[in-house]
Amino acid sequence: MSGRRAHMGMSVTISAAAEQDAEQIFRLQYLCFQPEAALYGNYRIDPLVQTLDSVREEVARDCVFVARLGEEVVGSVRGSVTEDGAAAIGKLCVHPRLQGHGIGARLLRAAESALADQHGATRFRLHTGHRSEGHLRLYRKVGYETVGTSQGADGIPMIVLEKPAGTYAATA
């Protein structure tokens, strides 16, 4: 497994998730959201209690993208269009050893353009825990702004961020 030593973001490719990626996404999500759970002292957060079957359903139904390094899934993100025309983007995760290489931003971009082009989303919405500084920094850097707060099902105060589809709408 010499691929494990790869650390350049260059060799990481972004593509739509396939059915057979569900298991790797499930494991990656579990790994990536541990520090998040620790941050809030809550191990019942949604990404940690989601079942493999539920991940499979999302891969089949939603707009799911993965980042791959060779055969390994090292990042993933989900998006789906909500009733009000906004697209909800969530469960963005990148393998701890590959964080800081811009993979998260690339995954977000892929999800945003697919949601705008194929699903007509006019804006994007995401939620992140109020203490998740790294996530908040990334989202603000790529154009998201805080629009409010909400309470997660698990009781964690969440910050709601939105961004207009804007730049992508030009291709419609």
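Let me start with strands β2 and β3, which run antiparallel and are joined by 7 bridges. This is a predicted model, so please keep that in mind throughout. The two strands form a hairpin with 2 residues between them. In the turn sits Gly70, with a positive phi of about 65 degrees. At that end of the pairing, Leu69 has Glu72 of β3 as its bridge partner.

On the other side, β2 pairs with strand β1, residues 12-16. That pairing is also antiparallel, with 5 bridges. One of the pairs to look for is Ala16 with Phe65, the latter in β2.

How many of the 7 residues of β2 are buried? The count is 7 of 7, so the strand, residues 63-69, is largely enclosed by the rest of the structure. As background, the side chains of a regular strand alternate between the two faces of the sheet. In β2, Cys63, Phe65, Ala67 and Leu69 point one way. Val64, Val66 and Arg68 point the other way, and every one of these residues is buried. Note that Arg68 is in that list.

Now the whole sheet. It is open and has 7 strands, in the order β1-β2-β3-β4-β5-β7-β6, with mixed pairing. Which strands are at the edges? They are β1 and β6, each of which pairs on one side only. Ignoring direction, neighbouring strands are turned by 25 degrees against each other on average.

Next, the part of the sheet around β7. Strand β7 covers residues 157-164 and runs antiparallel to β5, with 7 bridges between the two. Arg123 stands opposite Pro164 of β7, and Arg125 stands opposite Glu162 of the same strand.

Two helices pack on the sheet. Helix α4, residues 52-61, touches β2, β3 and β4. The direction of α4 makes about 105 degrees with that of β2. Helix α5 touches β1, β2, β3, β4, β5 and β7. The direction of α5 makes about 155 degrees with that of β4.

Back to β7 for its other neighbour. Strands β6 and β7 are antiparallel, and 6 bridges join them. Ser150 stands opposite Met158 of β7. These strands form a hairpin as well, with 5 residues between them, and Gly155 there takes a positive phi near 90 degrees. As for burial, 6 of the 8 residues of β7 are buried, so this strand too is largely enclosed by the rest of the structure.

One residue in β4 deserves a stop. Lys91 is found in that strand, and it has a positive phi of about 50 degrees although it is not a glycine. Is Lys91 buried or exposed? Its relative accessible area is 16%, and the cut-off for buried is under 20%, so Lys91 counts as buried.

Lys91 also brings us to the pockets. The largest pocket has a volume of about 700 Å³. Its lining has 31 residues, and those nearest the centre are Asp46, Pro47, Lys91, His127 and Met158. Met158 is the residue we met opposite Ser150.

Which elements supply at least two residues each to this lining? From the helices there are α2 (34-40), α3 (46-49) and α6 (133-141). From the strands there are β3 (72-81), β4 (86-94), β5 (123-129) and β6 (145-151). By class, the lining is made of 12 nonpolar, 10 polar and 9 charged residues.

The second largest pocket holds about 510 Å³ of space. It is lined by 23 residues, with Val94, Gln99, Gly134, His135 and Leu138 nearest its centre. Two or more lining residues come from each of α2, β4, α5 (103-119) and α6. Of these, α6 gives the most, with 7 residues. The classes here are 11 nonpolar, 8 polar and 4 charged.

To put the pockets side by side, here are the elements they share. Helices α2 and α6 and strand β4 each give at least two residues to the lining of the largest pocket, and they also give two or more to that of the second largest.

That leaves the sheet as the place to begin when you open the model: find the order β1-β2-β3-β4-β5-β7-β6, then look for α4 packed on it, and then for α5.

Conventions
Residues numbered from 1 in each chain as written. Predicted model: local features only at pLDDT ≥ 70, side-chain atom pairs only at ≥ 80, totals over all residues. Heavy atoms only, no water. 1 Å grid on protein atoms, 1.4 Å probe; cavity = no way out; pocket = protein on both sides within 12 Å on 5 of 7 lines; lining within 4 Å. Points joined across faces, edges and corners; volume = space filled by probe spheres on them. Helix = DSSP H or I, 4+ residues; strand = E, 2+ residues; numbered from the N terminus. Nonpolar A, V, L, I, M, F, W, Y, C, P; charged D, E, K, R; others polar. Buried < 20%, exposed > 50% of the residue type's maximum accessible area, 1.4 Å probe, protein only. Pairing = 2+ DSSP bridges. Axes fitted to C-alpha atoms, helices over the stretch in contact; angles between N-to-C directions. Contact = heavy atoms within 4.5 Å.
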